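Let's take a walk through a protein model together, one piece at a time. Keep the structure open beside you and find each residue as it comes up.

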Amino acid sequence: MAILAGDERREALSKLPDWKPVDGRDAIERSFQFKNFSQAFGFMTRVALAAEKMDHHPEWSNVYNKVDILLTSHDVKGLSERDIKLAGIIDRLAGT
Ligand SMILES: C[C@H](O)[C@H](O)[C@H]1CNC2=NC(N)=NC(=O)C2=N1
């Protein structure tokens, strides 16, 4: 899988308006806030299962009801189709 570039990249990111570029890294990130820890961790559990299924994993952190997620492809050292796919799955799992 190669790094996403050019029109393909712009097209893909246009469908992920809540994901923002990351300073200093070829990556995208999004923050989520839930009602409580239980909701946040349930979301993380569902994302973890989806990530494991596609063998593509987020860089993420959780503080109580907040989850911050960064997506990049370590093997190609940049943003790839896998990150776009996982971002779409994450948005659906978050109900957004
Ligand atoms: C061995 C395993 O398949 C690889 O390390 C996978 C695991 N999950 C991954 N996740 C991400 N974000 N990038 C990778 O390159 C990657 N590689």
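Before we set off, bear in mind that this is a predicted model. Our first stop is the start of helix α2, where a side-chain oxygen of Asn36 reaches to within 3.1 Å of the backbone nitrogen of Ser38. From there, follow the helix along: α2 covers residues 37–54, which makes 18 residues. From its first C-alpha to its last it reaches 26 Å, close to the 26 Å expected at 1.5 Å a residue.

Now, which residues of α2 are buried? They are Ala40, Phe43, Met44, Val47, Ala50, Ala51 and Met54. If you look down the axis of α2, these buried residues fall within an arc of 125°, so they line one face of the helix. The spacing makes sense once you know a bit about helices. An α-helix has 3.6 residues a turn, so residues three or four places apart point the same way. Turn to the other side of α2 and you'll find Ser38, Leu49, Glu52 and Lys53, which are exposed.

What do the buried residues of α2 pack against? Their partners are the strands β2 (25–33), β3 (59–63) and β4 (66–71), along with helix α3 (81–93). Ala50 is a handy example to zoom in on. This residue sits in helix α2 and has a relative accessibility of 17%; anything under 20% counts as buried, so Ala50 makes the cut. Leaving out residues up to four places away in sequence, Ala50 touches Ile89 and Leu93. Ala50 and Ile90 are 40 residues apart in sequence, yet their C-alpha atoms are 8.5 Å apart in space.

That brings us over to α3. This helix has 13 residues and reaches 18 Å from first C-alpha to last, close to the 18 Å expected at 1.5 Å a residue. Its buried residues are Arg82, Asp83, Ile84, Leu86, Ala87, Gly88, Ile89, Ile90 and Asp91. They pack against α1, β2, α2 and β4. After α3 comes Gly95, with a positive phi near 80°.

Let's head back to the end of α2 and into the loop that leads to β3, where you'll find His56. Is His56 buried or exposed? With a relative accessibility of 5%, His56 counts as buried. Its side chain makes a polar contact of 2.6 Å with the side chain of Asp83, one of the buried residues of α3. Not counting residues up to four places away in sequence, His56 also touches several others, including Ala51, Thr72, Arg82 and Leu86.

Another residue that His56 touches is Ser73, found in the loop between β4 and α3. Ser73 is buried, with a relative accessible area of 0%. Setting aside neighbours within four places in sequence, Ser73 is in contact with His56, Gly78, Ser80, Arg82 and Asp83.

Both His56 and Ser73 show up again at the ligand. Which residues surround the ligand? The list is Asp55, His56, His57, Thr72, Ser73, His74 and Asp75. Some of the atom pairs here are worth finding for yourself. An oxygen atom of the ligand is 2.4 Å from an N or O atom in the side chain of Asp55. A nitrogen atom of the ligand is 2.8 Å from a polar backbone atom of Thr72, and a backbone N or O atom of Asp75 lies 2.9 Å from a ligand oxygen. Taken alone, the ligand exposes 390 Å², and the protein buries 60% of that.

One last thing to look for is the backbone angle phi. Most residues other than glycine have a negative phi. Asp55, just after α2, takes a positive phi of about 50°. Tyr64 has a positive phi too, of about 55°, although it is not a glycine. You'll spot Tyr64 in the loop between β3 and β4, and at 51% relative accessibility it counts as exposed. Lys77 also has a positive phi, near 55°. Lys77 lies in the loop between β4 and α3 and is exposed, with a relative accessible area of 72%.

Conventions:
Residues are numbered from 1 along each chain as its sequence is written. This is a predicted model: local features need pLDDT of at least 70, side-chain atom pairs count only at pLDDT 80 or more; totals for chains, interfaces and linings use all residues. Side-chain values use heavy atoms; hydrogens and water are left out. Helices (H or I, at least four residues) and strands (E, at least two) are DSSP runs, numbered from the N terminus. The expected span of a helix is 1.5 Å times one less than its number of residues. Buried means under 20% relative accessible area, exposed over 50%, partly exposed in between (1.4 Å probe, protein chains only). The arc is that of the directions from the helix axis to the C-beta atoms. Contact means heavy atoms within 4.5 Å. A polar contact is a pair of N or O atoms within 3.5 Å; within protein, one must be able to donate a hydrogen and the other to accept it, and residues adjacent in sequence count only if both atoms are side-chain atoms. A residue is near a molecule or strand if one of its heavy atoms lies within 4 Å of it. Accessible areas come from the Shrake-Rupley method with a 1.4 Å probe; for residues, only the protein chains shown count as cover.
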